[in-house]
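Here is a short briefing on two topics: a sheet and a set of aromatic contacts. Have the sequence and the structure open as you read.

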Amino acid sequence: MSNGFQAMTFHPNHGANVMLYDDNTVAYRKASFANAVTISERPLLPGEIFLVEIEKTEPGWTGHMRLGLTQLDPASPDLPELPPYSLPDMTNMGNSWICAITKSQNRVQQDSEGETEEEASAAAAVAAAAAAAAAAAAVTPTTPNEGPEEGGGGGGQECAPAPPNEQDGAQREEDGLGVFQLRNSNRRRGGGAGGRGLDSIMFGEYLKTSRGLVPRSALQPTPYAFTSPSGRRITLKRDNILPTDEGSRIGIIYLPRGNLAEMHYIINGEDQGAFTKKLPFEQAPLYAVVDVYGTTKQVRIIQLYGVTSLKSACRDIIVKHIAQHGVSALPLPRKLKDYLLYES
């Protein structure tokens, strides 16, 4: 990349059913529904967004793409091949935080303060019951004449946010989708209060990341048109694209908060809240994990970073170190101030 950073690509050590294209930025599952785990070539930097777009889907399977972070190094000789499933295989190996993307209800809602022991005990019981159900469940495709591979039970678990005692929520099954069990009705949505989450790095319609500014629009799907089997021409707008649809853009970022970090999913430009606030990012590098699972057939890494001009590079540096309200106080011509505020 022209800004001195290496482009994000997939590592050559990947699942047996994966084929990589376009300089290892596209992952395609050539067969079955599993054995399609991929890991990023390099670790994700703190405050850097890893973003993929679903380019192809394959109807007839249950389950969808899984995404998360891992401290397992794909280049390590101790990891000669990746397991068939990210969930629960990689999470059982330790230090992996992975969740399945669903058609709806992906938003994580944070715990509220003052939860009673009785409520916590009830939530723990729900979590234990959900874990037992997940362990007994098996992934079964609905495609005719196709059967699950041996060990196909890897699809029963929808989320594994952290090692033991670091899970922020319990799971339940609803309409076949794994979602977070809410412990009470007083949780806040999104990044929460006090400028936490992505709100803490917002600059107008841009996110100030560790590698430069990213427009929110780049995180959103691009509207597109297609022809239905009946021959009808259909245009999908941004609001009509579900998280598991073709064109959907799903990202992940972790934000340091002292010696731990909080990890967020960004689905089609919307922050889903803190998946965990106990990410030990200082212990080892964190790699992005994409499991091209189930109905998800092909994904592409969206390259968000790169200098398009010296002028835009200077703007990124200035606004990275100056608050938005401070730009107006700079001893600069109005035209330059408008440019710094993305108003020209």
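What order do the three strands of the open sheet have? The order is 10-11-12, and the pairing is antiparallel. The model is predicted. Besides this sheet, the briefing covers the aromatic pairs, of which a search of the whole structure finds six.

**The open sheet**

- Strand 10 (202–203) and strand 12 (212–215) are the edge strands. Each of them pairs on one side only.
- Strand 10 and strand 11 (residues 206–209) run antiparallel. Two bridges join them.
- Within this pairing, Met202 stands opposite Leu207 of strand 11.
- In general, strands of a sheet pair through backbone hydrogen bonds, either parallel or antiparallel.

**The aromatic pairs**

- The search of the whole structure gives six aromatic pairs. Among them is Phe33 with Tyr293, an edge-to-face pair. The centres are 5.9 Å apart, with 75° between the planes.
- Why does the pair tie together parts that are 260 residues apart in sequence? Phe33 lies in the loop between strand 2 (26–29) and strand 3 (37–39), whereas Tyr293 lies in the loop between strand 18 (287–291) and strand 19 (296–301), so the contact links these two parts.
- Are Phe33 and Tyr293 buried or exposed? Both are buried.

**Around Tyr293**

- Tyr293 belongs to a cluster linked by ring pairs. Phe33, Trp61 and Tyr85 are in the cluster too.
- Arg66 adds a charge contact: its charged end sits over the ring of Tyr293. The distance to the ring centre is 3.8 Å.

Technical notes:
Residues numbered from 1 in each chain as written. Predicted model: local features only at pLDDT ≥ 70, side-chain atom pairs only at ≥ 80, totals over all residues. Heavy atoms only, no water. Pairing = 2+ DSSP bridges. Helix = DSSP H or I, 4+ residues; strand = E, 2+ residues; numbered from the N terminus. Phe/Tyr/Trp six-rings, centres within 6.5 Å; stacked < 30°, edge-to-face > 60°. Buried < 20%, exposed > 50% of the residue type's maximum accessible area, 1.4 Å probe, protein only. Lys NZ or Arg CZ within 6 Å of the ring centre and 35° of its normal.
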